[in-house]
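Biologist: Could you take me through this structure slowly, with the reasoning behind each answer?

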Amino acid sequence: MAPPPLFGIAASFDNAEALLAATEAACRARLGRVDAYTPVPVPGLTAALGLARPPLPVTTLIGVLIGGFGFFGMAAYATIADYPLNVGGRPLFSWPAYVIPSVSIGALWGAVAMALTLVVLNRLPQLNHPMFHVPGFERATQDRFFLSIEASGEHFDADAARRLLLHLPTPPLSIDAVPR
């Protein structure tokens, strides 16, 4: 019986410095897609992984602008064109009355845009992932730091990945083959 297809090689570390050094070495070796799983933010890890800056501020700003200006336009249209009502001689377009609700609706749309962007960027919902089968991976949310070198691309070599991880200045606590 043939072994199951390989997702990659996973290594666990007990501190962030060891994970950062291993990530830099694995990215330099270009053996496959490298990813890290940590319980806390690790300074320099995003740069070591070569990740681009996420579009979160831009999508949030777009949501704020669409929501705020959309509500302002809707309120202006309703009071000027759709249902003009002269109350006490005020002008039909009394814009100060639209500002505070427009800001509130803009903030709401910005929050919704941010939440949806985070869901998409984090590839949620992801009910199962091959890394969930690594022994002790539940500690990635507590006190362990994990690195995975995925078997993607023609340059992946499981033995070379193991050798790379074993010859680090701070060797990992464990190295596991991760089935797909």
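Modeller: Before we begin, helices here are DSSP runs of H or I with at least four residues, strands are runs of E with at least two, and both are numbered from the N terminus. Please keep in mind as well that this is a predicted model.

Biologist: Where is proline 125 found, and is the peptide bond that leads to it from leucine 124 cis or trans?

Modeller: Proline 125 belongs to the loop that runs between H4 and S3. For the peptide bond from leucine 124 to proline 125, the omega angle is near -5°. With that omega, the bond from leucine 124 to proline 125 is cis.

Biologist: In that loop between H4 and S3, where arginine 123 is placed, what is the phi of arginine 123?

Modeller: Arginine 123 sits in the loop between H4 and S3, and proline 125 is found in that loop too. Although arginine 123 is not a glycine, its phi is positive, at about 50°.

Biologist: Is arginine 30, which has a positive phi, buried or exposed?

Modeller: Arginine 30 is placed in the loop between helix H1 (16-29) and S2, and its phi is near 55°, a positive value in a residue other than glycine. To be called exposed, a residue needs over 50% relative accessible area. Because arginine 30 reaches 65% relative accessibility, it counts as exposed.

Biologist: How many salt bridges does a search of the whole structure find?

Modeller: Side chains of opposite charge can pair when their charged atoms come close. One pairing is between arginine 33 and aspartate 35, at 3.7 Å from N to O, and another joins arginine 139 to aspartate 143, at 2.6 Å from N to O. Searching the whole structure, the total number of salt bridges is three.

Biologist: Are both partners of the salt bridge between arginine 139 and aspartate 143 buried, exposed or partly exposed?

Modeller: The class between buried and exposed covers relative accessible areas from 20% to 50%. Because its relative accessibility is 29%, arginine 139 falls in that class. Aspartate 143 has a relative accessibility of 32%, so it also counts as partly exposed.

Biologist: How many residues apart in sequence are the parts tied together by glutamate 150 and arginine 33?

Modeller: The side chains of glutamate 150 and arginine 33 meet in a salt bridge, with 2.8 Å from N to O. Glutamate 150 lies in strand S3, whereas arginine 33 lies in the loop between H1 and S2, so the pair ties together parts whose separation in sequence is 117 residues.

Biologist: Is aspartate 35, the other salt-bridge partner of arginine 33, buried or exposed?

Modeller: Aspartate 35 lies in strand S2, which covers residues 34-37. Leaving aside neighbours within four places in sequence, aspartate 35 is in contact with Leu49, Phe146, Leu147, Ser148 and Glu150. A residue is called buried when its relative accessible area is under 20%. Because aspartate 35 has 15% relative accessibility, it counts as buried.

Biologist: In which strand does serine 148 lie?

Modeller: Serine 148 has a relative accessibility of 1%, so it counts as buried. Not counting residues up to four places away in sequence, serine 148 touches several residues, among them Ile9, Ala10, Val34, Asp35 and Met131. The strand that holds serine 148 covers residues 145-150 and is S3.

Biologist: Which element gives the largest share of the lining of the largest pocket?

Modeller: The largest pocket has a volume of about 1,000 Å³. Of the 28 residues that line it, the closest to its centre are Asp35, Leu51, Leu121, Asn122 and Arg123. Two or more lining residues come from each of S2, helix H2 (45-49) and H4. The largest share, with four residues, comes from S2.

Biologist: Which helix gives the most to the nonpolar patch?

Modeller: The nonpolar surface patch, of about 690 Å², is made by Val58, Ile62, Ile66, Leu108, Trp109, Val112 and Leu116. Isoleucine 62 is placed in helix H3, and with a relative accessible area of 45% isoleucine 62 is partly exposed. Helix H3 (56-82) and helix H4 (96-121) each supply at least two residues of the patch. With four residues, the helix that gives the most is H4.

How values were computed:
Residues are numbered from 1 along each chain as its sequence is written. This is a predicted model: local features need pLDDT of at least 70, side-chain atom pairs count only at pLDDT 80 or more; totals for chains, interfaces and linings use all residues. Side-chain values use heavy atoms; hydrogens and water are left out. Buried means under 20% relative accessible area, exposed over 50%, partly exposed in between (1.4 Å probe, protein chains only). Contact means heavy atoms within 4.5 Å. Patches are made of residues with over 30% relative accessible area and no salt bridge: like charges are joined within 9 Å, nonpolar side chains (Val, Leu, Ile, Met, Phe, Trp, Tyr) within 5 Å. Accessible areas come from the Shrake-Rupley method with a 1.4 Å probe; for residues, only the protein chains shown count as cover. A salt bridge is a side-chain nitrogen of Lys or Arg within 4 Å of a carboxyl oxygen of Asp or Glu. On a 1 Å grid over the protein atoms alone, a cavity is a set of points where a 1.4 Å probe fits but cannot get out, and a pocket is an open set with protein on both sides within 12 Å along at least five of seven lines; lining residues have an atom within 4 Å of a point. Grid points are joined across faces, edges and corners, and a volume is the space filled by probe spheres set on the points.
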